[in-house]
Amino acid sequence: MLRNPKSCHWMVCLAGVVALAACNRTPSPEAPAASATVAAPAPAVTSSHAFVPDIAKGDFAEHVRVLASDDFEGRAPGSAGEDKTVAYITAQFERMGLKPGNNGSWTQTVPMTETTADDKTVLNVSVKGKPHALNFGTDMVIGTRSGQKHVEVKDSDVVFVGYGVDAPEQQWNDYAGLDVKGKTVVILVNDPGFHANDPTLFEGRRMTWYGRWVYKFEEAARKGAAMALIVHDDAGASYGWDVVRGSWSGAQFDLRASDDPAPRLPVQGWITGAQAKSLFADAGLDFDALRAAANKRGFKAVPLPAKASVTLDSEVVEKSSRNVVGMVPGTERPNEAVVYMAHWDHLGKHPDEPGDNIYNGAIDNATGVAGIMEIAGKFAQAPAKRSVLFLAVTLEESGLLGSKYYVAHPVVPLKDTVAAINIDAMSTSGPSKDIVVTGLGNSELDDVLKSIADKQGRVLHAEATPESGFYFRSDHFNFAKAGVPALYAEGGEDLVAGGTEAGRKASEAYTEMRYHKPADEFDPNWNLDGVVQDLDTMYQVGREVADGSGWPNWRVGNPFRAARDASRPAAKP
């Protein structure tokens, strides 16, 4: 893991204490890490920078510089870094002239459970009597969503269930004829079509919801498993083991069970591919051959001659985090709203790691927060006919929990929410000739974006790596599931300077060297011309929808359309 010395020293002035009143409300890519004890409300952190009303490089850079500074300690939910982050965003919204968006409050409280597993935990697997001791961090990472401080699984039968999918519409059920109650299930990451490179299976190399680890754990819980272990591979996960280890170590956050009735496992986690191969080999099984078999329709689960045991002790604390909510009220139809969102949280500080142990999250996602603040300032100067809500959500890194809570407790009813626009991890490599739309073709918002892109001489592309499942890894997904048309777009890889080769190299370098690592820091040498272009594009999309009277919908045949049609029957063709 690359460790760079910190380079963003900044001057701030402390305005008086901001009272951050809270009302009620609320995974990545992967569950976040360490946080400190909840601190008292922080003084408002305001920059000495001279901001301008329009979208500007200097303003954007200043926001990122502050939010990604060491003083914010990686912006972990429930930490002193959260207090500073919430205070800073609130102060900026207030400076711009926005109104508190949650019934007179700038924030919405998200009740959460913080669980920190003992990192000395050992997972013991006996294969034909041969013991295997898997160590936390190097061989596996595990945790519990049960809220229990002590969880024990003893002599649990181990079963390989392929991809762990039960999808009737795909005529696919890896659990067919199988009772896994109390057992340990071993699961492959991603979808069958990805590893088989078969476009006839699911959506081929494009990850579906069934490929996400969140689904796999929930399905295992629905089937009654005691423990579920996903086998990591770089290609299938779209990130290396270091990302899994960093994201699943330290404090993990979850909504309370009372706020999120989704099924939960006693123990869940990941094991390395090397450990999986070793366990299967000692069981007399060829892991690679079984993975190939799991790619074929009709695969039958394979019990292993193995027993799994673990004693998992965790520190469990009930806490709360906050979404920040600002609004520019509409001039004609204020009860209807367009939502801009970005998650403010990142992975915090890992005190036990040597050297640079602050996960600053500059690209992911101080850039997104800076982006919605820049757009908010422009709307504040000229309000639209519909209201525009600016939502900085928490707990994205823990499984999109902040947006999930918001969707369950919306400020503006979802039937009156016209569209949602998500900004997450902006490109800082310069202007591009294209725009990447994650999930291109899903909704009529693409048409609005295309008309604007055409005027800019830019083209729309779907994401380059659909196997990574980015559509399910950011906060727009919760709005989509609830039926609200959602757009997730960003500057593409065909850079004006250097073309696709330069863009791809920049993207790969970020993923390899900085994504979910301490090296994701603010860089004053970023080329922000593309950021301004992209933010202006997203502003125009929101402006057109907010000043219009139409209701964009999902395309016919899209699985999210039914929810929209049910909430707004008048929107049906």
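Visitor: Leaving aside neighbours within four places in sequence, which residues is N190 in contact with?

Guide: In this predicted model, N190 is in contact with Y163, H195, M207, Y210, G211, K216, G236 and E467. Its place is in the loop between β12 (184-188) and α3 (192-196).

Visitor: Why does N190 count as buried?

Guide: Buried means under 20% relative accessible area. N190 has 0% relative accessibility, so it counts as buried.

Visitor: What makes the link from the side chain of N190 to the backbone oxygen of G236 a polar contact?

Guide: The side chain of N190 reaches that oxygen of G236 at 2.9 Å, and the cut-off for a pair of N or O atoms is 3.5 Å. The pair is therefore within the limit.

Visitor: Happy with that! Now the helix: how do you know what span is expected for α9?

Guide: The expected span is 1.5 Å times one less than the number of residues. For α9, with 20 residues, that is 28 Å, and the helix reaches 27 Å from its first C-alpha to its last, close to the expected value.

Visitor: What makes α9 mostly covered?

Guide: Of its 20 residues, 17 are buried.

Visitor: Which residues have the most contacts inside the largest nonpolar core?

Guide: They are F93, W270, Y340, I375 and F390, in a core of 130 residues. Helix α9 (residues 362-381) gives the largest share of this core, 10 residues. Apart from it lies another core, of 23 residues, including M327 and F477.

Visitor: And what does I375 touch, not counting residues up to four places away in sequence?

Guide: I375 touches I55, Y340, F390, I423, L535, M538 and Y539.

Key: Residues are numbered from 1 along each chain as its sequence is written. This is a predicted model: local features need pLDDT of at least 70, side-chain atom pairs count only at pLDDT 80 or more; totals for chains, interfaces and linings use all residues. Side-chain values use heavy atoms; hydrogens and water are left out. A nonpolar core is a set of buried Ala, Val, Leu, Ile, Met, Phe, Trp, Tyr and Cys residues joined through side-chain atoms within 4.5 Å. Buried means under 20% relative accessible area, exposed over 50%, partly exposed in between (1.4 Å probe, protein chains only). Helices (H or I, at least four residues) and strands (E, at least two) are DSSP runs, numbered from the N terminus. Contact means heavy atoms within 4.5 Å. A polar contact is a pair of N or O atoms within 3.5 Å; within protein, one must be able to donate a hydrogen and the other to accept it, and residues adjacent in sequence count only if both atoms are side-chain atoms.
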